[in-house]
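User: I would like to go through this model with you and ask, label by label, what each term rests on. Please set each value against its cut-off before drawing a conclusion.

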Amino acid sequence: MATDLDFLADCRTRLAFDLVSHTWNPVVIWALKDGPRRPGELRARVGGISQKVLTETLRRLECNGLVARRAYGGSPPRVEYELTALGRTLLAPIEAFGVWAHDHGDEVMDAQERHGGATPGTVDQPPPGRRESTG
């Protein structure tokens, strides 16, 4: 069980939350769950991610020991990314978040609508998939 000290700025719990709170980290991790992928395959699986952001995300995940990059010689040279053993340990927590989002996403979006459609600290836009209320 986590204690209050487990949530200090330099603690491991915050480190873990930082890893999964970045928008694209869990998405890319999940896209790699079935095995190695080339960057073009990842972009097709993820959808909505630019090449630049995908590259930044893969580098960030690699720097954190969650993804391994493998370069192959040849013409043209090719690169694949795959989850490390450490990266695979995040699949169950990411899946649990996905199940929670599926089960409670409508409740969260309804609450956002009741409060003007924006979450504090975000751009004032309606949540994805919802119309902005006109009343």
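Analyst: Let me begin with accessibility, where buried means under 20% relative accessible area, exposed means over 50%, and partly exposed is what lies in between. Please keep in mind throughout that this is a predicted model.

User: Why does Glu62 count as partly exposed?

Analyst: The relative accessibility of Glu62 is 34%, and partly exposed covers what lies between 20% and 50%, so Glu62 counts as partly exposed. Glu62 belongs to helix α4, which spans residues 51-63. Across the protein chain, 23% of the 135 residues count as buried.

User: What does Glu62 touch, not counting residues up to four places away in sequence?

Analyst: With that exclusion, Glu62 touches Val67 and Arg69, where a contact requires heavy atoms within 4.5 Å. A separate value relates Glu62 to Thr84: the two are 22 residues apart in sequence, and their C-alpha atoms are 9.0 Å apart in space.

User: What makes β1 and β2 a pair of strands?

Analyst: Pairing needs at least two bridges found by DSSP, and six bridges join β1 (residues 67-72) to β2 (residues 78-83), so the two strands pair, and they run antiparallel. Among the bridge partners, Arg69 is matched with Tyr81 in β2, and Ala68 is matched with Glu82 in β2.

User: Which backbone values stand out for Gly74 and for the peptide bond from Ser75 to Pro76?

Analyst: In the hairpin of β1 and β2, which has five residues between the strands, Gly74 takes a positive phi near 115°. The peptide bond from Ser75 to Pro76 is cis, with omega near -5°, and Pro76 lies in the loop between β1 and β2.

User: How do you know which elements the protein chain has, and in what order they run?

Analyst: A helix is a DSSP run of at least four residues and a strand a run of at least two; the protein chain has six helices and two strands, and from the N terminus on the order is α-α-α-α-β-β-α-α.

User: What makes up the lining of the largest pocket, by class?

Analyst: The lining has seven nonpolar, three polar and no charged residues, with Gly counted among the polar ones. The residues that line the pocket include Val20, Thr23, Ile94, Phe97, Gly98 and Trp100. Helices α1, α2 (25-31) and α6 (91-114) each supply at least two lining residues, and α6 gives the most, with five. The volume of this pocket is about 460 Å³.

User: How confident is the predictor in the protein chain, and where is the pLDDT below 50?

Analyst: On a scale from 0 to 100, the mean pLDDT of the protein chain is 85, and 79% of its residues reach 70 or more. The pLDDT is below 50 over residues 123-135, although this stretch has 17 contacts in the model beyond near neighbours in sequence. Among the elements, helix α1 (residues 12-21) has the lowest mean pLDDT, 85, and helix α5 (residues 85-88) the highest, 98.

Definitions and conventions. Residues are numbered from 1 along each chain as its sequence is written. This is a predicted model: local features need pLDDT of at least 70, side-chain atom pairs count only at pLDDT 80 or more; totals for chains, interfaces and linings use all residues. Side-chain values use heavy atoms; hydrogens and water are left out. On a 1 Å grid over the protein atoms alone, a cavity is a set of points where a 1.4 Å probe fits but cannot get out, and a pocket is an open set with protein on both sides within 12 Å along at least five of seven lines; lining residues have an atom within 4 Å of a point. Grid points are joined across faces, edges and corners, and a volume is the space filled by probe spheres set on the points. Buried means under 20% relative accessible area, exposed over 50%, partly exposed in between (1.4 Å probe, protein chains only).
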